[in-house]
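Here are some exercises to help you find your way around a new structure. Try each task with the viewer open, then read the worked solution below it.

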Amino acid sequence: MPSVSRIAAVALSSLLLLAACGTAATGTDAAAPAGGASPAGTAPRFDTSPEQNRIRAEKDEAIAARVPAEIRAKGELLVGTSTFEPPLSFLADDNRTPIGVEEDIAQLVADVLGLELRLEPTSWENMFLAVRSGKYPVAFSNITVTEERKDIYDFATYRLDQLAWEVPKDSPITSITKPADIAGLRVSVGSGTNQERILLDWDRQNRAAGLKPIEVQYYQQAADTYLALKSGRIQAYFAPNPTVAYHVAVSGDTKIVGTFSGGGADRQGLIAAMTKKGSGLAEPVRDALNVVIRNGKYREVLKRWGLENEAVPESLLNPPGLPRDQ
């Protein structure tokens, strides 16, 4: 997913939390458990404090020894991320600290590798350039494995890639599961994302079948997308399931009318940590992920952000990705 400005991301998360609970949750708010659990009938609440009290893991000496020497010598794991939307990656209440499921999983990996975690938020486009140049050893930012990306990067998977269709709560649209369902609609999607690729493919299928084309609208900031959805400038928003589910849960004014694999109709998309190809870091990252998958720390993190349904049974190194453009 492309990034939005840090200020916009903070403003959006604050707005959502205000809508959900009347005040931003803090680490000292007893009614706002870190796991996001809420009493029945109430909106979910999440810890958005900078302290976070992240779930931690133990160092694995054998895996840590396989980390490239340059990184081991520095004693830190510099991770690139793009703070776009909760619960994936966004800024805490201090407007500075990156938090979310991406950061929490990066913390687990750093722990197993025996390294201090250092997070550096950046734009979506710069993150790829920085990993390719070696500035960032690894990126955690809801990145889908694709065959094209595998030419340049190595991947260690850690979550299913699920997409969702979001519409206003009072929309007459009740289901979007196939291309014909979006014919003639005004739709927003992130530029350069895998969901854009799927959306445009659906539109090509509709045009070939003689159905009405869609009108695609792009917004740089998530807040602008939701204003467009509320005002009727767009009729649907196609985005990663975690961000959509979070917004639906805490805002109360939209609904999900369909989900779809980020890999398309014929395969399950996978989210992965991304390293420079051949750097030697992807393998220990994969092994670290498998350690926390086996010991349960991984599922604790997913539960903390309400994403248990996107768990994977194991981390894979460079699995088949989304196909190349034809």
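**Exercise 1.** Find the strands that the buried residues of H6 pack against.

*Solution.* Start with the strands: the buried residues of H6 pack against E6 (153-168), E7 (186-189), E8 (215-217), E9 (236-240) and E10 (254-261). Helices (H or I, at least four residues) and strands (E, at least two) are DSSP runs, numbered from the N terminus. A quick note on the model: it is predicted, so local features need pLDDT of at least 70 and side-chain atom pairs count only at pLDDT 80 or more, while totals for chains, interfaces and linings use all residues. Residues are numbered from 1 along each chain as its sequence is written, and side-chain values use heavy atoms, with hydrogens and water left out.

Next, pick out the buried residues of H6: they are Asn 194, Gln 195, Glu 196, Ile 198, Leu 199, Trp 202, Asp 203 and Asn 206. Buried means under 20% relative accessible area, exposed over 50%, and partly exposed in between (1.4 Å probe, protein chains only).

Now zoom in on Asn 194, which lies in H6. Asn 194 counts as buried because its relative accessible area is 9%. Leaving out residues up to four places away in sequence, Asn 194 touches Thr 144, Thr 146, Arg 149, Gly 262 and Leu 322. Contact here means heavy atoms within 4.5 Å.

Finish in E9, where you'll find Ala 239. Ala 239 has 0% relative accessibility, so it counts as buried. Between Ala 239 and Glu 196 there are 8.7 Å in space, C-alpha to C-alpha, though they are 43 residues apart in sequence.

**Exercise 2.** Check whether the length of H6 agrees or disagrees with the span expected at 1.5 Å a residue.

*Solution.* First, the rule: the expected span is 1.5 Å times one less than the number of residues. H6 (residues 194-208) has 15 residues, so it should span 21 Å. Then compare: the end C-alpha atoms of H6 are 21 Å apart, which agrees. Just past the helix comes Gly 210, with a positive phi near 80 degrees.

**Exercise 3.** Work out how the buried residues of H7 are arranged around its axis.

*Solution.* Begin by listing them: in H7 (residues 222-231), Ala 222, Thr 225, Tyr 226, Ala 228 and Leu 229 are buried. They cover an arc of only 155 degrees around the axis, so they sit on the same side of H7. That arc is taken from the directions from the helix axis to the C-beta atoms. Here's some background: an α-helix has 3.6 residues a turn, so residues three or four places apart point the same way.

Now look at the other side of H7, where Leu 227 and Lys 230 are exposed. Going back to Ala 228, its relative accessibility is 0%, so it counts as buried. Setting aside neighbours within four places in sequence, Ala 228 is in contact with Tyr 219, Arg 233 and Ile 234. Just after H7, Gly 232 has a positive phi of about 95 degrees.

**Exercise 4.** Find which helix gives the largest share of the largest nonpolar core.

*Solution.* A nonpolar core is a set of buried Ala, Val, Leu, Ile, Met, Phe, Trp, Tyr and Cys residues joined through side-chain atoms within 4.5 Å. The largest one has 46 residues, and those with the most contacts inside it are Ile 105, Leu 113, Phe 140, Val 285 and Tyr 298. Elements that each supply at least two residues of this core include E1 (76-81), H4 (101-112), E6 and H8 (241-251). The largest share, seven residues, comes from H4. Apart from this core lies another, of 17 residues, among them Leu 163, Ile 176, Ile 198 and Ala 236.

**Exercise 5.** Find the residue whose side chain is joined to that of Arg 159 by a polar contact.

*Solution.* Locate Arg 159 in E6. At 1% relative accessibility, Arg 159 counts as buried. Its side chain is joined to that of Asn 142 by a polar contact of 2.7 Å. A polar contact is a pair of N or O atoms within 3.5 Å; within protein, one must be able to donate a hydrogen and the other to accept it, and residues adjacent in sequence count only if both atoms are side-chain atoms.

Lastly, turn to Asn 142, in the loop between E5 (138-139) and E6. Asn 142 is buried too, with a relative accessible area of 5%. Its phi is near 55 degrees, a positive value in a residue other than glycine.
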